[in-house]
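Notebook open, coffee poured. I want to get a feel for the whole chain and then pick one piece to look at properly.

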Amino acid sequence: YHYAKHRRPITDALRQTVTEDLPEIADIADPDLRHGAVEAWAYALACSDFGRITDIPPEGNPGLSVLKRGTQADHLRGVAHLALRFVEEFQQTNPEIVVDRDIVLTGALCHDVGKPYEFDPSNMKRWKADPSETGHPTLRHSVFGAHVCLAVGLPEEIAHIALGHSLAGQHIGVSTECLIVRHADHTWWQVAGGLGLLKP
């Protein structure tokens with residue numbers, strides 16, 4: 001079994017589901033980043049049993065921070081919105097700061113691009129069957145997400161955000177854009193919990 005083996009081809013129909021589920025991709029100004037975001041999600045989905053982003057369970061980690069309603073796309077879009085608000089707030093009060101808005105937006109939309117792998121039912125069954133052979137999981141979504149970003153030609157800055165948004169980011173120095181996405185991500189889940197939107 002090869003973890004990155006496509007279970008189905010990457011098609012234009014699959015790419016279309018990505019842009020339908022994440023319409024904010026159209027707001028990425030750089031055409032290479034815009035294209036790369038679609039390719040990353042299409043690649044990740046094709047390596048899993050999920051048909052589209054909205055099919056992935058709406059959870060922070062498998063079985064943890066589970067939304068009562070909504071989709072994984074709601075989380076990704078919410079993180080993108082929050083991250084851009086952080087940028088706008090600090091640019092209004094400190095116009096001299098330098099933050100790459102496109103890196104923030106692309107990174108926010110792709111920070112969980114490894115989730116199709118970590119949440120995939122076939123992978124979870126394989127890992128549970130023999131953790132001594134496979135690990136449990138073999139790779140966290142942050143690590144697989146960095147692989148996906150690099151595999152489809154997204155720049156290192158986006159792969160860094162996919163890796164650094166999670167606990168793995170505590171062991172590396174993170175970019176300003178990664179710091180913004182990480183806090184938007186963690187804040188989104190914490191506020192969702194505070195509002196009673198997560199299952200006990």
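I started by walking along the chain from the N terminus, and the elements run α-α-β-β-α-α-α-α-α-α-α-α. That gives ten helices and two strands. Note to self: this is a predicted model.

Next I looked up the overall shape. The C-alpha atoms fill a box of roughly 55 × 40 × 30 Å along the principal axes. I then checked the radius of gyration: a compact globule with 200 residues would come out near 16 Å, and the chain has 16 Å, so the two agree.

How much of the chain is buried? I got 46% of the 200 residues. The chain still exposes about 9800 Å², with carbon and sulfur atoms supplying 55% of that.

Then I turned to contacts. Taking those with a separation of 6 or more, 68% are between residues 24 or more positions apart.

Now for my one piece, helix α3. It covers residues 72-93, which is 22 residues. From its first C-alpha to its last it reaches 32 Å, close to the 32 Å expected at 1.5 Å a residue.

I checked how α3 begins, too. A side-chain oxygen of T71 comes to within 3.1 Å of the backbone nitrogen of A73 there.

Which residues of α3 are buried? My list reads Q72, A73, H75, L76, G78, V79, A80, A83, L84 and V87. So A73 turns up twice in my notes, once for the T71 contact and once as a buried residue.

Last entry: what covers those buried residues of α3? The cover includes helices α1 (12-21), α2 (31-46), α4 (101-110), α5 (115-119) and α10 (176-194), along with strand β1 (59-61).

Key. Residues numbered from 1 in each chain as written. Predicted model: local features only at pLDDT ≥ 70, side-chain atom pairs only at ≥ 80, totals over all residues. Heavy atoms only, no water. Helix = DSSP H or I, 4+ residues; strand = E, 2+ residues; numbered from the N terminus. Expected span 1.5 Å × (residues − 1). Buried < 20%, exposed > 50% of the residue type's maximum accessible area, 1.4 Å probe, protein only. Contact = heavy atoms within 4.5 Å. Polar contact = N/O pair within 3.5 Å; in protein donor to acceptor, adjacent residues only side chain to side chain. Rg over C-alpha atoms; globule rule 2.2 N^0.38 Å. Areas by Shrake-Rupley, 256 points an atom, 1.4 Å probe, with all protein chains shown as cover.
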